[in-house]
Amino acid sequence: MNFVWTRTAMILGSALAAGLVVWPFLGALWAFVTFALGLAAALAFHVRNLHALLVWLQDPLKNPVPIGAGVWEHVFAGLYRLVRSFAQQRNRVTGQLARFRSAAQAMPIGVVVLDDEDRISWCNITAERMFDLDARKDAGQSILNLVRHPAFAGYLKGGSYEEPLTLRIVRREARDGSRGAGP
């Protein structure tokens, strides 16, 4: 943070020094114009970098972090480290999710992952067979539309999952040869 103030003081000092150098040769008016032009150049530099930052912020995951100079080099370097850390964390979580899914596929019990609105996010092969689901087709569907059992609906809507719910589901194909979950 001290670097920001030091750099700003250097820019102001340079513009003032340039104005003082011009004063004896061209007068006070041109000294002031020189000082103002120095400040305008500094302002243009910051506005250009601020614009680059705003463009990057519109889609920070797709666009590379801008490259700046001076104070902006430190700002963009910090953002680059943050984006790199986020990408590494996202890759770790993606890997963990893949390992979870792989382990859950191997489980002999049915596993269905629901979102906050009880829609299917994912299910393993065992759950597909048990509940007559299709992981690709049924993703995003409400579980209550696909598993129609009053006890299950009450259990899910109750929100208290300390005790497991055991259901005996009779699949239609076992009864009449057609595909579909039973009552």
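## Tyr-161 and the loop after helix 7

A polar atom in the side chain of Tyr-161 lies 2.9 Å from the backbone oxygen of Leu-156. This is a value from a predicted model, as are the others in this report. Tyr-161 itself belongs to the loop that runs between helix 7 and helix 8, and when neighbours within four places in sequence are set aside, the residues in contact with Tyr-161 are Tyr-155 and Leu-156. Because the relative accessible area of Tyr-161 is 45%, this residue is classed as partly exposed.

## Confidence along the chain

Before looking at further details, it helps to ask how far the model can be trusted. The average pLDDT of the chain is 86, and 91% of the residues score at least 70. Which elements have the lowest and the highest mean pLDDT? Helix 8, covering residues 172-176, has the lowest mean, 44, whereas helix 2, covering residues 28-58, has the highest, 93.

Over residues 173-183 the pLDDT stays under 50, and for this stretch the model has 25 contacts beyond four places in sequence. Where pLDDT is low, the predicted coordinates should not be read in detail.

## Helix 4 and its surroundings

Helix 4 spans residues 125-131, and Ile-125 is part of this helix. With a relative accessibility of 39%, Ile-125 falls between the limits of 20% and 50%, and it is therefore counted as partly exposed. The C-alpha atoms of Ile-125 and Ala-135 are 8.2 Å apart in space, while the two residues are ten places apart in sequence.

Thr-126 is also found in helix 4, but is Thr-126 buried or exposed? Its relative accessible area is 13%, which is under 20%, so Thr-126 counts as buried. A polar atom of the Thr-126 side chain lies 3.1 Å from the backbone oxygen of Met-107. Met-107 also appears among the contacts of Thr-126 beyond four places in sequence, together with Pro-108, Ile-109 and Gly-110.

## Two aspartates with positive phi

Asp-118 sits in the loop between strand 1, residues 112-114, and strand 2, residues 120-123. Although Asp-118 is not a glycine, its phi is positive, at about 60 degrees. This residue is partly exposed because its relative accessible area is 22%.

Asp-132 is placed in the loop between helix 4 and helix 5, and its phi, near 55 degrees, is likewise a positive value in a residue other than glycine. How accessible is Asp-132, and is it buried or exposed? Because its relative accessible area is 11%, Asp-132 is buried.

Asp-132 is also one of the residues touched by Asp-138, which further touches Ile-120, Leu-133 and Leu-146, when residues up to four places away in sequence are not counted. Asp-138 lies in helix 5, made of residues 135-138, and because its relative accessibility is 13%, Asp-138 counts as buried.

## The largest pocket

Rolling a probe the size of a water molecule over the atoms shows where empty space is left. In this model the largest pocket holds about 520 Å³ of space. Its lining is made up of 17 residues, and those that lie nearest its centre are Gly-110, Val-112, Phe-131, Phe-152 and Leu-165.

Which elements each supply at least two residues of this lining? They are strand 1, helix 4 and helix 7, the last of these covering residues 150-158. Helix 7 provides the largest share, with three residues. Sorted by class, the lining of the largest pocket has 15 nonpolar residues and two polar residues, while no charged residues take part.

## Residues far apart in the chain

Val-47 lies in helix 2, and because its relative accessible area is 48%, Val-47 is partly exposed. Val-47 and Ala-9 are 38 residues apart along the chain, and their C-alpha atoms are separated by 18 Å.

Ala-106 belongs to the loop between helix 3, residues 71-105, and strand 1. Because its relative accessibility is 64%, which is over 50%, Ala-106 counts as exposed. Measuring from C-alpha to C-alpha in the model, Ala-106 and Val-21 are 79 Å apart in space, and they are 85 residues apart in sequence.

How values were computed:
Residues are numbered from 1 along each chain as its sequence is written. This is a predicted model: local features need pLDDT of at least 70, side-chain atom pairs count only at pLDDT 80 or more; totals for chains, interfaces and linings use all residues. Side-chain values use heavy atoms; hydrogens and water are left out. Helices (H or I, at least four residues) and strands (E, at least two) are DSSP runs, numbered from the N terminus. Buried means under 20% relative accessible area, exposed over 50%, partly exposed in between (1.4 Å probe, protein chains only). Contact means heavy atoms within 4.5 Å. A polar contact is a pair of N or O atoms within 3.5 Å; within protein, one must be able to donate a hydrogen and the other to accept it, and residues adjacent in sequence count only if both atoms are side-chain atoms. pLDDT is the predictor's confidence in each residue, from 0 to 100. On a 1 Å grid over the protein atoms alone, a cavity is a set of points where a 1.4 Å probe fits but cannot get out, and a pocket is an open set with protein on both sides within 12 Å along at least five of seven lines; lining residues have an atom within 4 Å of a point. Grid points are joined across faces, edges and corners, and a volume is the space filled by probe spheres set on the points. Ala, Val, Leu, Ile, Met, Phe, Trp, Tyr, Cys and Pro count as nonpolar, Asp, Glu, Lys and Arg as charged, and the others, Gly among them, as polar.
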